[in-house]
Amino acid sequence: MTSDSMQDQEGGTAMVRFVLGGDLPHLANPPFRSAPANGIVEYPLKRRTSLKDALEAIGPPHTEVGALRVEGREVGFGHLLQAGQTIEVIPPEPPVDFTRPTRLKPWAPARPAFLADVNVGGLATQLRVLGFDTFYDNTLTDAEAAQMAEEERRIVLTRDRALLKRSKVVWGRLLRSGETEEQLLETLRFFGLAPPYASFTRCARCNEPLVPVDKKDVLHRLEPKTRKYYEKFTMCPSCGRIYWAGSHYERLGERLRNIAEAFYQS
């Protein structure tokens with residue numbers, strides 16, 4: 001039946017059943033949050049609807065899905081729902097291999113390249129310190145962010161479900177925690193980004209790879225103690241910010257060691 005008001009054989013509203021795996025029941029919108037512990041959600045099929053549209057109406061963004069099965073058969077997001085069907089929604093199992101396209105993800109990043117949106121700016125800085133290419137611009141609209149993610153093959157990191165529901169966003173992660181440190185570990189673990197990291201090789205402000213610079217070329221910009229005690233410097237080719245292995249490097253180095261240890265903890 002393809003009318004605007006689909007009905008079952010007894011004349012009632014047609015229903016489909018979603019079985020949400022993992023923590024996906026916690027992402028359900030208010031009308032569906034009464035789902036029992038087994039994650040079963042009854043969804044009214046009022047019109048001809050794709051699986052993606054129905055799932056995201058329930059709550060979970062498509063980026064949070066690793067596989068979809070209808071009556072044991074794997075399907076894609078474009079599958080058109082039929083009354084009485086049962087859809088298994090299986091979350092991805094970390095560590096996720098982001099280098100390989102799947103049925104649900106038609107392209108894959110060539111390397112770990114991220115786009116962090118406005119609500120996870122602190123995470124963007126932390127990822128850059130570790131050496132990961134992480135674009136961040138708090139003036140981007142959701143439409144612009146999704147377009148960039150598609151064009152530059154970036155993984156979107158956000159706490160905004162609406163951004164992840166945009167069809168141009170193929171790879172992404174709805175970060176569960178609101179704390180920057182926990183977001184960082186969640187990202188590293190989810191995508192299997194194990195240490196060691198290429199730390200201090202990228203500008204924390206601009207995201208540009210740092211380049212070596214001769215001390216004599218930046219001498220006029222250094223404080224007296226920096227001139228006296230340090231010899232090796234790098235510089236951001238975009239903003240001109242100068243970096244050296246001062247006391248801040250020692251503090252960050254300790255943080256990085258803690259992160260590396262925490263990565264392997266359950």
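# Loops, sheet and cores in a predicted chain

Q: Between which two elements does the loop holding Arg153 lie?
A: This is a predicted model, where local features need pLDDT of at least 70 and side-chain atom pairs count only at pLDDT 80 or more, while totals for chains, interfaces and linings use all residues. Residues are numbered from 1 along each chain as its sequence is written, and side-chain values use heavy atoms, with hydrogens and water left out. Helices (H or I, at least four residues) and strands (E, at least two) are DSSP runs counted from the N terminus. With that numbering, the loop holding Arg153 runs between helix 3 and strand 8.

Q: Is Arg153 buried, partly exposed or exposed?
A: Arg153 isn't a glycine, yet its phi is positive, near 55°. The classes go by relative accessible area (1.4 Å probe, protein chains only): buried is under 20%, exposed is over 50%, and partly exposed is in between. At 35%, Arg153 is therefore partly exposed.

Q: Asn207 has a positive phi too, so what is its relative accessibility?
A: Asn207, again not a glycine, has phi at about 80°. It's found in the loop between helix 5 and strand 10. Asn207 counts as buried because its relative accessibility is 9%.

Q: What is omega for the peptide bond between Pro195 and Pro196?
A: Two Pro-Pro bonds are worth a look here. Pro94 to Pro95 is cis, with omega near -5°, and Pro95 is in the loop between strand 5 and strand 6. Pro196 belongs to the loop between helix 5 and strand 10. Its bond from Pro195 is also cis, with omega about 5°.

Q: Which strands stand at the edges of the open sheet of 4 strands?
A: Strands pair if DSSP finds at least two bridges between them. The sheet is ordered 7-6-8-9 and its pairing is parallel. Each edge strand has a single partner, so one of its sides is left without a neighbour in the sheet; these are strand 7 (133-136) and strand 9 (172-174).

Q: By what angle are neighbouring strands of this sheet turned against each other on average?
A: Strand 8 (155-158) and strand 9 make a parallel pair over 3 bridges, and Leu157 has Arg173 as its bridge partner. Axes are lines fitted to C-alpha atoms (for helices, over the stretch in contact), with angles running from 0 to 180 degrees between N-to-C directions. Ignoring direction, the average turn between neighbours in this sheet is 25°.

Q: What angle does helix 2 make with strand 7?
A: Helix 2 (121-130) is mostly covered, with 8 of its 10 residues buried. In terms of contact (heavy atoms within 4.5 Å), its cover includes strand 6, strand 7, strand 8, helix 5 and helix 8. It lies across strands 6, 7 and 8, and its angle to strand 7 is about 150°.

Q: What is the relative accessible area of Leu188?
A: Leu188 belongs to helix 5, where the buried residues are Gln183, Leu184, Leu185, Glu186, Thr187, Leu188 and Phe190. Beyond four places in sequence, Leu188 contacts Leu127, Leu130, Phe132, Leu193, Tyr197, Ile259 and Phe263. Leu188 is buried, and its relative accessible area is 0%.

Q: How many residues are in the largest nonpolar core?
A: A nonpolar core is a set of buried Ala, Val, Leu, Ile, Met, Phe, Trp, Tyr and Cys residues joined through side-chain atoms within 4.5 Å. In the largest one, Phe18, Leu51, Leu68, Ile87 and Val89 have the most contacts. Strand 1, strand 2 and helix 1 are among the elements that each supply at least two of its residues. Its size is 34 residues.

Q: How many residues are in the other core, with Trp107 among them?
A: This core lies apart from the largest one. Leu127, Phe132 and Trp171 are also among its members. Its count is 28 residues.

Q: Which residues of strand 2 point to the buried face?
A: Strand 2 runs antiparallel to strand 1, joined by 5 bridges, with Val16 standing opposite Tyr43. Side chains alternate along strand 2: Ile40, Glu42 and Pro44 point to one face and aren't buried. Those on the other, buried face are Val41 and Tyr43.

Q: What is the radius of gyration of the chain?
A: The chain has 8 helices and 12 strands, and its C-alpha atoms fill a box of roughly 85 × 35 × 30 Å along the principal axes. The globule rule (2.2 Å times the number of residues to the power 0.38, for a radius taken over C-alpha atoms) gives 18 Å for 266 residues. The chain is well over that, so it is more spread out than a compact globule, with a radius of gyration of 23 Å.
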